[in-house]
Amino acid sequence: MKWYNWLFLVFMLLVHIPGILLGYLWVLVLLPWACEKPKFEFPAILTAEWRDWVKDKWKYSTTLSRGIVFQPHIRKFKSHRVKRHERVHVRQTEDLTFLSLLVGLVVGIYTGDWWLAGALWFSGPAWQLPFFVTALRFLKPKPANVSWFKHIAVNTMYYESEHERSARGQVNEGRK
Ligand SMILES: [Zn+2]
């Protein structure tokens with residue numbers, strides 16, 4: 001990495017303080033009972049892997065901001081597709097938190113309410129949630145063999161959200 005990459009990384013980590021706290025807290029809460037083997041991975045991402053009793057019930061690797069809990073077998077590979085996929089989600093929450101910081105700054109400057117400004121900044125990682133609603137633009141007729149819950153919540157709201165489509169598309173294109 002060049003010096004300007006390092007400089008920008010430090011900038012993004014400062015911007016992403018809400019995402020760092022949220023992601024680390026999530027992994028730390030899960031550690032005593034649901035996940036294990038925590039490790040810091042570059043750049044400042046806290047990862048872990050599901051414990052045996054979870055990994056068969058929940059067959060996914062899951063990212064919340066800067067915390068990622070992997071399926072154990074995926075963690076062993078250096079540049080697995082799922083690893084690259086989950087890192088797209090980290091970058092997405094970085095970008096959203098930069099937006100929320102800018103909105104917070106505007107609100108703080110115009111209202112003088114810096115508590116509200118800070119709350120807006122810290123809400124940044126959650127700004128991904130509306131994408132689950134707008135994903136309903138891709139709703140199709142329900143196939144007979146799929147439940148309504150799976151059709152709407154999983155196959156449409158989850159899989160067709162723009163952040164999910166982007167992560168899959170970037171990995172399919174072979175981007176790092
Ligand atoms: Zn995903």
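Tutor: Let's start with a cut-off: a residue is buried if 20 or more other C-beta atoms lie within 10 Å of its own, exposed if 12 or fewer, and partly exposed in between, with the C-beta atoms placed from the backbone. The structure is a predicted model, in which local features need pLDDT of at least 70, side-chain atom pairs count only at pLDDT 80 or more, and totals for chains, interfaces and linings use all residues. Residues are numbered from 1 along each chain as its sequence is written.

Student: What makes you say that α1 is hardly covered?

Tutor: The count of buried residues among the 13 residues of α1 is zero. The name α1 comes from DSSP runs: helices (H or I) have at least four residues, strands (E) at least two, and both are numbered from the N terminus. Helix α1 covers residues 3-15.

Student: How do you know what span to expect for helix α1?

Tutor: The rule is 1.5 Å times one less than the number of residues. For the 13 residues of α1 that gives 18 Å, and the helix reaches 18 Å from its first C-alpha to its last, so the two are close.

Student: And what makes β2 mostly covered?

Tutor: In β2, six of six residues are buried.

Student: How do you know that β1 and β2 pair?

Tutor: Two strands pair if DSSP finds at least two bridges between them. Strand β1 (residues 35-41) and strand β2 (residues 45-50) share five bridges in the antiparallel sense, so they qualify. One example is C35, whose bridge partner in β2 is W50. The two strands form a hairpin with three residues between them.

Student: Which way does β2 run relative to strand β4?

Tutor: Strand β4 (residues 67-70) is parallel to β2, and four bridges join them. There, E49 has F70 as its bridge partner in β4.

Student: Why is the pairing of the sheet called mixed, and what makes a strand an edge strand?

Tutor: The open sheet has four strands in the order β1-β2-β4-β3. Its pairing includes an antiparallel pair, β1 with β2, and a parallel one, β2 with β4. The edge strands are β1 and β3 (62-64), each pairing on one side only. Helix α2 (residues 17-30) lies across β1, β2, β3 and β4.

Student: What stands out in the loop between β1 and β2?

Tutor: P43 is found there, and the peptide bond from F42 to P43 is cis, with omega near -5°. A44 is in that loop too, and its phi is positive, about 55°, although A44 is not a glycine. Most residues other than glycine have a negative phi, and most peptide bonds are trans.

Student: Why is A44 called partly exposed?

Tutor: A44 has 16 other C-beta atoms within 10 Å, so it falls between the two cut-offs.

Student: And what makes S65 buried?

Tutor: S65 has 28 other C-beta atoms within 10 Å, so it meets the buried cut-off. S65 sits in the loop between β3 and β4 and also has a positive phi of about 55° without being a glycine.

Student: Why is E86 called buried?

Tutor: E86 has 22 C-beta neighbours inside 10 Å, so it counts as buried. E86 belongs to helix α5 (residues 81-111). E86 touches S61, T63 and I68, leaving aside residues up to four places away in sequence; contact means C-beta atoms, placed from the backbone, within 7 Å. E86 and G67 are 19 residues apart in sequence and 9.7 Å apart in space, C-alpha to C-alpha.

Student: What makes a set of residues a nonpolar core?

Tutor: The members must be buried Ala, Val, Leu, Ile, Met, Phe, Trp, Tyr or Cys residues joined through C-beta atoms within 7 Å. The largest such core has 13 residues, of which V27, L30, C35 and V69 touch the most other members. Elements giving two or more residues to this core are α2, β2 and β4. Among the contacts of C35 are V27, L30 and V69.

Student: How do you know where the domains lie?

Tutor: The bounds come from an automatic or database domain assignment, which gives domain 1 (3-97) and domain 2 (129-176). Their C-alpha centres lie 21 Å apart, and six residues of domain 1 are in contact with seven residues of domain 2.

Key
Two residues are in contact if their C-beta atoms, placed from the backbone, lie within 7 Å. Axes are lines fitted to C-alpha atoms, for helices over the stretch in contact, and angles run from 0 to 180 degrees between N-to-C directions.
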